[in-house]
Amino acid sequence: MIEKERTLKNLGSGWHSLIETVYAIQDQLSFSGGLYIIERKNGMLSVLFSRKDLTSPEQEFILKSVEYRIERLSAKICEGCGQYGLRRTELPTTQTLCTKCYAFKYSEIVTPQNEE
């Protein structure tokens, strides 16, 4: 089981409400064995539920659908602030960011640290 606090700390605050939703879904699905993975992957939130307690193909379908929906939602939510965002592949690590957060992040990368 993944610790929610660690997950919230490791991912941007713009995704916090989405992460809270993932944990709430996990608690409501009695057949889910809990969260197996929750991380940023290709600029989106990647969620994978444990399949150890599944007893039917329908349960597998439900888990896959929830995982896919969370991924797609995160592809439109700025990880930094929660506003509408786009996947930014020009950064060292692909992230989903709004224009403002992207500008700040890009500026950090291209501006030398010793420049004043």
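In the predicted model, E39 faces S46, a residue of strand β2, across the strand pair. Strands β1 and β2 run antiparallel to each other and are joined over 6 bridges. Burial is the prevailing state in β2, where 5 of the 6 residues are buried.

The two strands make up a hairpin in which 2 residues separate β1 from β2. Strand β1 covers residues 35–41 and strand β2 covers residues 44–49, with N42 placed in the loop between them. The backbone at N42 adopts a positive phi of about 55°, although this residue is not a glycine. The relative accessibility of N42 is 52%, and N42 is therefore classed as exposed, the threshold for that class being over 50%. The turn of the hairpin thus contains an exposed residue with a positive phi, whereas β2 is mostly covered.

A further surface feature involves helix α4. This helix spans residues 99–110, and V110 lies within it. V110 contributes to a nonpolar surface patch together with Y106 and I109. The combined accessible area of Y106, I109 and V110 is about 260 Å². For V110, the relative accessibility is 47%, so this residue counts as partly exposed; the partly exposed class lies between the limits of 20% and 50%.

How values were computed: Residues are numbered from 1 along each chain as its sequence is written. This is a predicted model: local features need pLDDT of at least 70, side-chain atom pairs count only at pLDDT 80 or more; totals for chains, interfaces and linings use all residues. Side-chain values use heavy atoms; hydrogens and water are left out. Patches are made of residues with over 30% relative accessible area and no salt bridge: like charges are joined within 9 Å, nonpolar side chains (Val, Leu, Ile, Met, Phe, Trp, Tyr) within 5 Å. Accessible areas come from the Shrake-Rupley method with a 1.4 Å probe; for residues, only the protein chains shown count as cover. A salt bridge is a side-chain nitrogen of Lys or Arg within 4 Å of a carboxyl oxygen of Asp or Glu. Helices (H or I, at least four residues) and strands (E, at least two) are DSSP runs, numbered from the N terminus. Buried means under 20% relative accessible area, exposed over 50%, partly exposed in between (1.4 Å probe, protein chains only). Two strands pair if DSSP finds at least two bridges between them.
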